[in-house]
Each structure stands twice: as C-alpha cells, then as structure tokens.
There are 4 protein chains.
Amino acid sequence: MCPGTGATGKPPTFTEVARRAQIIEAAIETIAEVGFAKASLARIGQRVGVSKGLIGYHFGGKDDLIKQVLIRVVEAGRAYIFPRVFAESTGPARLRAYIESNLAFMSAHRSYMVAVVEILRHGAFKTDSGLRVDGRDIDVAARLLHEELARLQGQGELRSDFDPGAMAVAIRAAIDVVPHRIILDPQFDIENYSREVALIFDRATRPSDTN
Amino acid sequence: MCPGTGATGKPPTFTEVARRAQIIEAAIETIAEVGFAKASLARIGQRVGVSKGLIGYHFGGKDDLIKQVLIRVVEAGRAYIFPRVFAESTGPARLRAYIESNLAFMSAHRSYMVAVVEILRHGAFKTDSGLRVDGRDIDVAARLLHEELARLQGQGELRSDFDPGAMAVAIRAAIDVVPHRIILDPQFDIENYSREVALIFDRATRPSDTN
Amino acid sequence: MCPGTGATGKPPTFTEVARRAQIIEAAIETIAEVGFAKASLARIGQRVGVSKGLIGYHFGGKDDLIKQVLIRVVEAGRAYIFPRVFAESTGPARLRAYIESNLAFMSAHRSYMVAVVEILRHGAFKTDSGLRVDGRDIDVAARLLHEELARLQGQGELRSDFDPGAMAVAIRAAIDVVPHRIILDPQFDIENYSREVALIFDRATRPSDTN
Amino acid sequence: MCPGTGATGKPPTFTEVARRAQIIEAAIETIAEVGFAKASLARIGQRVGVSKGLIGYHFGGKDDLIKQVLIRVVEAGRAYIFPRVFAESTGPARLRAYIESNLAFMSAHRSYMVAVVEILRHGAFKTDSGLRVDGRDIDVAARLLHEELARLQGQGELRSDFDPGAMAVAIRAAIDVVPHRIILDPQFDIENYSREVALIFDRATRPSDTN
DNA sequence: CATGAATGAGGTTTCATTCAT
DNA sequence: TATGAATGAAACCTCATTCAT
C-alpha cells in the first residue's frame, strides 16, 4: 500500500529512503519546535517543502510517521550511548558514563529529545505492558538501567543499600527532564548539569570503601 | 462579559464560585483520565452534568479554564507543602520534608498532578520568561527550591560543593516524574520511592560532619 | 455525545426532532438526486441550509445518518403497505395487494426508494446474516414474502407447484427495480407497470381452479 | 496521448492489447470483490502487479477504464446469449432460452455481473437518453427484449394481453437481481432460480392454446 | 512501456466558540 | 444562569491525476 514499509517485496528506492528520512527529520524538528499538538502533517510537510499528501504516500498515516520518529531517535540514542557505557568496567564509572553520555547525546540532539518527550507525553503508544512501538519497548531505558544497577549491586560494584528500581527512576528523571528544561530555559547549561547529576548519583551509589 | 474574572465590578456570587470550582475539578479529573488532547469541553461538561455552553459562560474559553486548573493545583500544592517544609529547621530535614511532602501530595492527589503534567507538556502558557499564567510563575517550584538550597548552603546547613541550580532541577525532576511514572506503571510504589529519593538527595547534600 | 440518539437520558427537544427529520429528508433527497457517492455531508447540509458540522452534531456521523435514512424509509413503507396487504383475505388478493401497495408507495415516494436502493447497493450495512441496521433486518422484505407465500401455499390459497423462495425473489426484483428504472427513464409509468406485474405473478401463482 | 483509444493513427501493439485486457479483467474482479467505492486504481493495479501510473497510460483515466469494463462485459454477454436465443424458433422457447442463457452467463461469470451492477448503481454514464457509454446503449438489454416480445406477440407466438414493455422490465429485473442476490446470499441456487423464473414468465406469456 | 514520486481536491470528523432563548 | 443549536476551522486520510525518468 505504501512503499518502504517492508510490506511489499520490493526493496525501497534510494530516493525513497532519503525522502522518508527527510520527512522524519522534519517531523522531529517540527514537533520539537511547535509541540506535538500543533505539528500537523501540513506543517511538517511545509518544512521540507512537500505536500501533506506525500506524507500519506510515504507513510501509512500520521501514526506511522510518529512511530518512525520514535524508532529513529531511540536507535540514534542507543548507537551513541551504548559503546560509551560499556567501555567502562567499574560500577561508578559505568553509571557516570551512562549519565554523561545520555546528556551529551541530548546536548547534541536537542530537538530529538524534545520531540520524543512531546510524543510520549501525549500518551500515544501506551499499552498494558508499557510503552511499545511495533513491538519494541520504547520505555526500555528505565528497565535496562534498573537491571544494570541491580547487577552492579550484586557484584559489589555499587553500594547495596539503595533500591535499584527507585534509583533508576530518579536517574532517568534527572536525564529526561532536560528536554523539558531546555524548553523552559534555553540558557540551560547541560554540561554543568551533567557533571552535577553524575556527582549526585555517584554519591548516592558509590560503595563506601572506594573513592 | 464573563463573570468572576475580575473584569466586571460586581463580586462573584456564591453559586458562581461553586460552579467555577466544580468545573475546574471536572476539568482536572477529565484531563487526568483521558489526557489533555481528548479532554474536550463537552467531555468536561458531561462529568458534572453541565453544558459546554456554560463553560464558555463561566470562563473566557478553554485556555482560561486550563489556566484556572493550573492555578488551583499550584495553590493546593503550596498549601499542603509549605507548612510541612517550614516546620523543619535544619537543612537536611527541610529538604527531606520538601521531597516527602511533595510526593505525599502527589500520592494524595494523583489526578491533580497528572492533569498538570498533561497540560504543561502540551506546551501551553510558555513565555520567554518561563511558564506564566496570568503573570504568575507556574514553574516557580524549581526556582524557589534553587533559592532555598542556595540559602541553606550559605548558612552551612547543606554542603557547599554542589550547584544549587542543577540540584534543584534534579530534585524537581525526581518529584515531577512521578505522575508520568504512575501512568506508565499503576503499581508504582510512591511511599518507597519517596524514602529512596529523600535518601539520594540527603547523601548528595548533607554536610559531611552531620548525620 | 450527540443528542436524540437515545444514549442520553433526556428526551429530545421538539426543535431537535424536527431538525433531525429535516436532515434525514435532505439526505434522502440528495442521495436520490446525485447518488450515494456524491452525497457528501456538505451537499446534504446545503439542501436545508445548514452546515455539515450540524450534521455531526445531530448524528454521530455519516454512518449514523445513513442508518436513520434506512430506518425512516423502511418504517414509512411498512406503515403504508402492511394494512393494505392484511386487509385482503384470499391468497391472490393478498399478493396483488402486496405488489400494488409496494409500487404505489414507490410511486408516491420516489426519492425514498431511489435513496434506499442507492444506499443498499453500496454494500453498506451488510453482515453475515443479511442486511442489518442496528439489529433490524433491512432485507426482511424478501424473507417475509417468502414465508407468506409458503404459508398461502400450505393453505391451498396459492398453487403448490412453485418454489416460494424463488418466487419471492422474482417478485421483489420486479418491485425493487422500479427506483432504478425511474432513474433510467423518468417517463416510466408505474401504474401501468403495477397492473402488469400483478397480473404476471397472479398467473404464476393463482390456483388453477379459481378465477 | 494514450494509446489504443483510436485517437492516434498507429494501430495498438499486441502487448498493449494484452495489457489493456489484463487491466480490464483486474478492474472487473476488483470491483466485484471490494465494491466500486473501494476499487481504487492502486488496488486494481495491485491485482495484476502494475502501477496505477500505467493505468493512466493505457486508459484516459478511471472513467475510461470503467467504460471499457462495461463494454467488455456487455459484449461477452451478447456473445454468449444471442446464439442460444436465436437457436430457438417458437416464442416460449425463445423466452425460456433468453432467461436461462442470461442466468447461465451470470452463473459462469459472477464477477462480471457483480461488477456491472456495482458500476451502474453508482449512476455513472447516465444521460438523458438512457445509459450510454461512448454512444453505445448499455441499457439496451431491456429495450431489445421489449422489441422482441412485441414482435413475438405480433406473430402470435406469445399471448397478446400483456404489455411488452412492462414484461421486459419485469423479466430483466428477475435476471438482474441475481448479482445482488448473490452478494446477499452466497448460497443462492442460480440453477433452481433459473428454472422457476423461466416457468413464471412462461405462464405469463405462453399463448393459451399451446403447451 | 512502465514506474515512482508528488500534488491537490474532497470527504469525514472533531471541537472551540458564539448566540438566541 | 444555563442550554441547545449552529458554525467554521483544522485535522487526517484517500485518491485520481500528472510528470519526469
């Protein structure tokens, strides 16, 4: 029905892949700029100079486009963050790397994060088993962090007297608030915030005998 | 044109004050339940058995109603939180009281917080100088917390080697994420989370020579 | 959500009943005139000088409006036809009354029938168990006729050597073709056709020993 | 501009004739299957694996394609029915052959008839002088039957006390209802219906002194 | 001969808003 | 005070059509 969705047997054209990416980027920027509610297809189309009809041609509809936006951002984030985290070996170093690489990514791709926050806050794509887009768990971040914290606790890499679930939520909150904060205060200094947050959670999780 | 807004000279009648409050409550519950996007005036009106026309009569329009919702929630929150914070004298105790009373208020008024989060994430009411509703600073929470942390630092009530601005943002983030988290996970245990968050920020701010 | 649908407890206003009837009539005439496919809500609204928005206000949507049209026509038809049929006692007389009253109704309400034919041919409202609108069997005509023919056969009121099912279909066909024929040939003489059809099926069903 | 329409001087190539036929068949099947309203060019193209652009190339547009469908079906029907009718010599035999060959053709080409019914009911191609496609009379069936009945009456081959026009309409109705009936009731037994209808109209038209 | 890409019109639906009663 | 009635804008979606390649 619509091309490039994998539904048809034919591989997507080069031009088409480019257009899709272009539209996805336009959607991200538009949502980040004017908010989800006002990011109509017409407005998104205007940004790249295409008609709203074309979006219907390349994507199944608005829902599909939004899905692709989420997938795009999540994948870009993972590609950035994962290597930096797993390059570290000790617990505190990993946690620091996690926080700092998350915030560095946000700093580098402000509109990406703003857009995702906008989308998720609109409650789209919420199912009974969490936040899912085409079967992929978009809310996986907190869960993965939870598991990693618990694992590091078990290995004695982090102090044992905190609840890893609550800690994961608090850490993700400190990270995820940034897009929102940027909207409220364009002067917000992410680098400074990054250092401070890393320090806060370092103090809250570092085993007492290390430094 | 519309009563009770201060625009007319006449004081609002009792009936009117009650109706306005009733509608504001209905708006809060509706938004919390079905989300901002689907909270049409008709739906809000249905909840209290009032026509949408009447909402237009009592409020200038949807925007005005939403403003009143924000004001209502902010004031209710302050009335709950402020006394509990200022009942404490030491820095760490105040911070703990701040975090715990905030979360206790959320626990007691889930729909209030969910509604506010829904509204704010829709980007309404953002001005160049932050989040303002009829001149009142809705985002004042972080700023007040920032100032209070700085003051306590200056008095030696809290350790001096953290940035109070960043700390305030992180603390607010840990608090404000709760409504969102509730939506994602209805099983979320606020009381446990409250204790853990208080502990995290206690460790991050308590002067080294106290306990 | 929308008034007069029986969903709300309140009884529909007089004005509202009138408007609904007015819009239903307009829909019938519009569909009869320009065909189902081109009978947009805007066009229907134009005919009575109301906005398409109002149709959405009085009816749940286009589907609901179409349903109401069907119900309206079917009920009007029954009210006309039933008494005339059951006023007769012998088999041949009943059949003649059935055919003639059907065609007389069509003659009197051409647009009604044209509209229904238009709607039904669009395949709307077809379910596995026939043609249903809100649980009512719209295609009941052929079935009722089938049963009545079989009953009259059993009583010796009609000859026994025809298949009542096939006969019912042929009779309904001769009746239901009229709206279509009117469209093709506005000069079509229903009265003459009515007599001829009654005669055709009289000859095909009258017991051999009667006259 | 578009080939094979007779507009250009060049004769249509073999490939082109084949493609056109292929697309026409696809259109017939698609319309029969999903209905006229949902038979978009894209969908029709999918069925034979060609792009909708190609349809625009081979036909002037959707209207033209639909015209070709009608012409195709009418011609196929004639080729089937005419020889069978004119193989009979007596009036009653001809009429029986007419009815039965019509219904046999429908039985053998259900999608052809369903498609035509779908198309005609959409009111396309109606002109002041009946149903015309490129000057050809699509609704000729009833007229031809009318004339033939009148001719046979004049020759004493059929009884003289019926109106041949009304009779023709009733007969065509009994025939044309079948596609519709098939849609409503997939179990519909055409062969049985065919016999019964032939009998009905035999009784209505056979001269009283023959058997 | 054939396709993919792109447009723009038209349709339904939802809603905030206004107005007469 | 309060309501029902009505409007009009804006959104999404589908599709026939056109065009460059």
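**Exercise 1. Which side chain of chain D has an N or O atom 3.4 Å from a phosphate oxygen of DNA strand E?**

Before solving it, some ground rules. This is a predicted model, where local features need pLDDT of at least 70 and side-chain atom pairs count only at pLDDT 80 or more, while totals for chains, interfaces and linings use all residues. Residues are numbered from 1 along each chain as its sequence is written, chains are lettered from A and ligands numbered from 1 in the order in which they are written, and side-chain values use heavy atoms, with hydrogens and water left out.

Solution.
- Step 1: pick out the residues near strand E (a heavy atom within 4 Å of it). There are 33, and A:S51, B:L41, B:K62, C:K62 and D:T13 come nearest. Sugar and phosphate make up 72% of the strand E atoms that come within 4 Å of the protein.
- Step 2: look for polar contacts (N or O pairs within 3.5 Å; within protein, one atom must be able to donate a hydrogen and the other to accept it, and residues adjacent in sequence count only if both atoms are side-chain atoms). The side chain we're after belongs to D:E16, 3.4 Å from a phosphate oxygen of DNA strand E.
- Step 3: check the backbone too. Polar backbone atoms of A:S51 and D:S51 sit 2.8 Å and 3.0 Å from a phosphate oxygen of strand E.

**Exercise 2. Find protein atoms that contact the phosphates of DNA strand F.**

Solution.
- Step 1: list the closest residues. Among the 33 around strand F, A:K62, B:T13, C:S51, D:L41 and D:K62 come nearest. Here sugar and phosphate account for 71% of the strand's atoms within 4 Å of the protein.
- Step 2: go through the contacts. A:K62 places a side-chain N or O atom 2.8 Å from a phosphate oxygen, C:S51 uses a polar backbone atom at 2.8 Å, and C:Y57 has a polar side-chain atom at 3.0 Å.
- Step 3: map the surface onto helices (DSSP runs of H or I, at least four residues, numbered from the N terminus). Helix 1 (14–34) and helix 3 (52–58) of chain B, plus helix 1 (14–34) and helix 3 (52–58) of chain C, each supply at least two residues.

**Exercise 3. Work out what the salt bridge between A:E33 and A:R47 connects.**

Solution.
- Step 1: test the pair against the salt-bridge rule (a side-chain nitrogen of Lys or Arg within 4 Å of a carboxyl oxygen of Asp or Glu). The closest N and O atoms of A:E33 and A:R47 are 2.6 Å apart.
- Step 2: place both ends. A:E33 is in helix 1 of chain A and A:R47 in helix 2 (residues 41–48), so the bridge ties together parts 14 residues apart in sequence.
- Step 3: check accessibility (buried is under 20% relative accessible area, exposed over 50%, partly exposed in between; 1.4 Å probe, protein chains only). A:E33 is exposed at 56%, whereas A:R47 is partly exposed at 34%.
- Step 4: extend the picture. A:E29 joins A:E33 and A:R47 in a network of salt bridges.

**Exercise 4. Locate the salt bridge of C:R72 and its partner.**

Solution.
- Step 1: the partner is C:E25, with an N to O distance of 3.4 Å.
- Step 2: this pair links distant parts of the chain, 47 residues apart: C:R72 in helix 4 (residues 62–86) of chain C and C:E25 in helix 1 of chain C.
- Step 3: C:R72 is partly exposed at 35%, and C:E25 is partly exposed at 22%.
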